[in-house]
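Here are my notes on the model, as numbered points. Please read them with the structure open.

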Amino acid sequence: MDFWIKNERGQAQFKGGRHDWPQASAIAAGCLHFSLDDEDELVAEEERSCYNCRYRRWTEHSFICMKR
Amino acid sequence: MKIYVGIDDTDSIEQGATGQSANQLIKLIENQRWGSCQGLTRHQLLLHPDIAYTSHNSSMCFTADIEAIYLNSLIEEAGKFLERDSAPGSDPGLCVVAAEQLQGAEELIAYGYETKKRIVTKEEAYTLARKLGVHLSEHGGTGLGVIGALAGVGLRMTNNDGRFQGRLKIKKPGATISVAEIKSSSPVDRVQSVDGYVLQENEEVRLGEKLKTVLLDGMRNLLVYRRESGREWETCTNAHLENY
């Protein structure tokens, strides 16, 4: 299943919005690029989550993965 | 004299964090014995595709009590520090405001709120800084960090915006302790529920994994919540605090 949608700039935007904790965690579990962001920028309780990755760029309703 | 120091855009996608830069700057000020620094706060600005932020568009601000004779040295050294230690490819900005010299704090506060609602230009930031007579400077790259650096100070001055950097270490997660004990063993000024109820000294709170505090009413607040049908106060999770 694809959890990403291309935005108008061709970037990979997460379909799950800002609160799909299980999915963001599951994706990060298998991601070779995952890198934990600074402690003050962590939002998910599970450390390994796209929501906590320094390569996510927040948007108003979701985030863009800068490595896809 | 009390000063506000705001910095922004010292990181790149691959390295650095503006919070870390701010902490290093605090050490620099205190090592030089120019004064003492207080709570470092993180302020969220607008998330918009046309803004060139790295990943979260937040800026950092701290206050310091310094001897007035050191103000110019502090500004000069802080600028050099940002030029030397910011991540390659970053666009650092520095704002320093002496509280007692500022006329028009309300304009600075309004500007801070504007940066949460719309795209603000570098020219707008410099125009306001000149008008208010506050220090604003760029130290590499595009220098766009001046927008957030000025906003960080404005938002800190609201006394009602942002999260404090770092997390508290009181007792182990799962421990239940009184509000009085929390306040006596940490920098927390007040324990408040997410709905605005201020807990009494003898009320008890179950501590979670990560204890973060927020700036509300000019105080450092530890926020708590009750689970549905629960009677026990618990400290908020990161997810609860995302809007602070």
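1. Second largest cavity. The space in this cavity comes to about 90 Å³. Its lining counts 13 residues, and those closest to the centre are C31(A), C50(A), C53(A), Y55(A) and C65(A). By class, the lining splits into 9 nonpolar, 1 polar and 3 charged residues. Bear in mind throughout that this is a predicted model.

2. Largest cavity. How many cavities of 30 Å³ or more does the structure hold? The count is 3. About 190 Å³ lies in the largest cavity. Of its 21 lining residues, E41(A), D11(B), T18(B), H56(B) and S58(B) are the closest to the centre. So much for the centre; the elements come next. Helix α1 (18-31) and strand β3 (58-66) of chain B each give at least two residues to this lining. The classes here are 4 nonpolar, 9 polar and 8 charged.

3. Largest pocket. This pocket holds about 440 Å³ of space. It is lined by 22 residues, and R18(A), Q44(B), L47(B), E242(B) and N243(B) sit closest to its centre. Two or more lining residues come from each of β2 (35-44) and β10 (213-216) of chain B. The lining has 8 nonpolar, 6 polar and 8 charged residues.

4. A salt bridge between two of those residues. Which residue does R18(A) pair with in a salt bridge? The partner is E242(B), with an N to O distance of 3.8 Å. This pair crosses between chains. On one side, E242(B) lies in the segment after β12 (233-235) of chain B. On the other, R18(A) belongs to the loop between β2 (12-14) and α1 (21-29) of chain A. Note that the cut-off for a salt bridge is 4 Å, and the distance in this pair is 3.8 Å. E242(B) and R18(A) are also among the residues closest to the centre of the largest pocket.

5. Second largest pocket. About 260 Å³ of space is found here. The lining has 18 residues; closest to the centre are I51(B), A52(B), V120(B), L144(B) and I147(B). Split by class, the lining shows 9 nonpolar, 4 polar and 5 charged residues.

6. Around Y126(B). I147(B), one of the residues closest to the centre of the second largest pocket, leads to this residue. The C-alpha atoms of I147(B) and Y126(B) are 8.2 Å apart, with their positions 21 residues apart along the chain. Y126(B) is part of helix α4 (residues 122-132) of chain B. What does Y126(B) touch, leaving aside neighbours within four places in sequence? The contacts are L136(B), S137(B), E138(B) and V146(B).

7. Extent of the interface. Chain A brings 22 residues into contact with 30 residues of chain B. The two chains bury about 2200 Å² between them. Carbon and sulfur atoms account for 37% of that area. Which three residues give the most to the area that chain A buries against chain B? They are D40(A), R54(A) and R57(A), which supply 29% of that area.

8. Charge and polarity at the interface. Side chains of opposite charge can pair when their charged atoms come close. Across the interface of chain A and chain B, 7 salt bridges are found. Over all chains, the whole structure has 21. R9(A) and D50(B) form a salt bridge, and their closest N and O atoms are 2.2 Å apart. I would look at that distance on screen. There are also 25 residue pairs in polar contact across the interface, with both residues at pLDDT 80 or more. Strand β3 (residues 56-58) of chain A gives the most to the side of chain A that touches chain B, supplying 3 residues. That side of chain A has 7 nonpolar, 2 polar and 13 charged residues.

Notes. Residues numbered from 1 in each chain as written. Chains lettered and ligands numbered in written order. Predicted model: local features only at pLDDT ≥ 70, side-chain atom pairs only at ≥ 80, totals over all residues. Heavy atoms only, no water. Contact = heavy atoms within 4.5 Å. Buried area = accessible area lost by both parts, 1.4 Å probe. Salt bridge = Lys/Arg side-chain N within 4 Å of Asp/Glu carboxyl O. Polar contact = N/O pair within 3.5 Å; in protein donor to acceptor, adjacent residues only side chain to side chain. Helix = DSSP H or I, 4+ residues; strand = E, 2+ residues; numbered from the N terminus. Nonpolar A, V, L, I, M, F, W, Y, C, P; charged D, E, K, R; others polar. 1 Å grid on protein atoms, 1.4 Å probe; cavity = no way out; pocket = protein on both sides within 12 Å on 5 of 7 lines; lining within 4 Å. Points joined across faces, edges and corners; volume = space filled by probe spheres on them.
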